[in-house]
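Work through the exercises below with the sequence and the 3D view at hand. Try each task before reading its solution.

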Amino acid sequence: FEITKPEEGAYLAESLLEIKALSDEKGLWYEIEGSVREYAETEEYTKTFELEDDFYSWKIAAYDRLGNRSKTTVLNFCIDTEMPEEFEIIPDVPSSIEKWRDTNDVTVEFGTTDATSGVEKYEYMLDGEDWKECSSPLNLGVLEDGKHILFVRAVDRAGNIRLETLEIYVDVTAPLSFEQWSDIEAETWTSCNEPVLYFGTTDETSGVRNYTLSIDGAKEFDF
């Protein structure tokens, strides 16, 4: 006989294991890992087990009506129903909607573990593009100004997936140039010691956070 399901060395993401055996003969008794022998009227034998997450190595044999025993078949497999552990995507420069990064060459690091079958691979998707296999550290290259969404998923050997997300805010472009003017005439003496300055500009990506005023190239005020 031969085991047709599961494949030898299979990693399975379900706790229910279905074993199928196929023989040239009808009416065989099957013994799985020392269990009570079960009779199969046809050439195919099917048995379902509910198992905990672990690695298994089971011995399976068949007997005919006279009690003759087949060669033992060893079936190795792993049950893993749990996804990899949670993890964090760590950027080289943190950013948020309140604090945009002023560098656009972005690198991130990540990593996790899986309790049973182990992490087989990592994949990432940036801004809705196709998934690509990757490793840590991961360089995303030079990103355009704006908000970017990065997904990284860890896939264990049984196919369970843990997905994590990182938002990246990039703005390397200065605000638009602007002019300033006052209620007093420039480069002339005045008796007014409380002049009023007028100025303003915009920033197309992150917006203007604050202005800095310098007096005589020395004292600075942020507002």
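**Exercise 1. Place Y198 and describe its surroundings at the surface.**

Step 1. Find the element. Y198 sits in strand β17, residues 197-199. Strands are DSSP runs of E with at least two residues, numbered from the N terminus.

Step 2. Check the ground rules. This is a predicted model, in which local features need pLDDT of at least 70, side-chain atom pairs count only at pLDDT 80 or more, and totals for chains, interfaces and linings use all residues. Residues are numbered from 1 along each chain as its sequence is written, and side-chain values use heavy atoms, leaving out hydrogens and water.

Step 3. Read the exposure. Y198 has a relative accessible area of 40%, so it is partly exposed. Buried means under 20%, exposed over 50%, and partly exposed in between, with a 1.4 Å probe and protein chains only.

Step 4. Look for partners. W181, V196 and Y198 make up a nonpolar surface patch with about 310 Å² of accessible area together. Such a patch takes residues with over 30% relative accessible area and no salt bridge, and joins nonpolar side chains within 5 Å. A salt bridge puts a side-chain nitrogen of Lys or Arg within 4 Å of a carboxyl oxygen of Asp or Glu.

Step 5. Compare with L213. This residue belongs to strand β18, residues 212-215. L213 is partly exposed at 25% relative accessibility. The C-alpha atoms of L213 and Y198 are 12 Å apart, with their positions 15 residues apart along the chain.

**Exercise 2. Trace the sheet that contains β4.**

Step 1. Give the order. The open sheet has 5 strands, β2-β8-β7-β4-β5, with mixed pairing. Two strands pair if DSSP finds at least two bridges between them.

Step 2. Name the edges. β2 (10-12) and β5 (38-40) each pair on one side only.

Step 3. Zoom in on one pair. Strand β4, residues 28-32, runs antiparallel to β5, and 3 bridges join them. Y30 has E38 in β5 as its bridge partner.

Step 4. Follow the chain onward. E33 lies in the loop between β4 and β5. Its phi is positive, near 50 degrees, though E33 is not a glycine.

**Exercise 3. Which rings pair with Y30 and with W100?**

Step 1. Set the rule. Rings of Phe, Tyr and Trp (its six-membered ring) pair if their centres lie within 6.5 Å; planes under 30 degrees apart are stacked, over 60 edge-to-face, and the rest tilted. The structure holds 11 such aromatic pairs.

Step 2. Take Y30. Its ring and that of Y45 have centres 4.6 Å apart and planes at 15 degrees, so the pair is stacked. Y30 is in β4 and Y45 in β6 (residues 44-50), so the pair ties together parts 15 residues apart in sequence. Y30 is buried at 1% relative accessible area. Y45 is buried too, at 5%.

Step 3. Take W100. The rings of W100 and Y169 have centres 5.1 Å apart and planes at 70 degrees, so this pair is edge-to-face. W100 lies in the loop between β9 (90-91) and β10 (105-109), while Y169 is in β15 (residues 161-170), 69 residues apart.

**Exercise 4. Where do P6 and P137 lie, and what peptide bonds precede them?**

Step 1. P6 lies in the loop between β1 (2-5) and β2. A cis bond joins K5 to P6, with omega about -5 degrees.

Step 2. P137 lies in the loop between β12 (132-134) and β13 (138-142). The S136 to P137 bond is cis, with omega near 0 degrees.

Technical notes:
Helix = DSSP H or I, 4+ residues; strand = E, 2+ residues; numbered from the N terminus. Patch = residues over 30% accessible without salt bridge, like charges linked within 9 Å, V, L, I, M, F, W, Y side chains within 5 Å. Areas by Shrake-Rupley, 256 points an atom, 1.4 Å probe, with all protein chains shown as cover.
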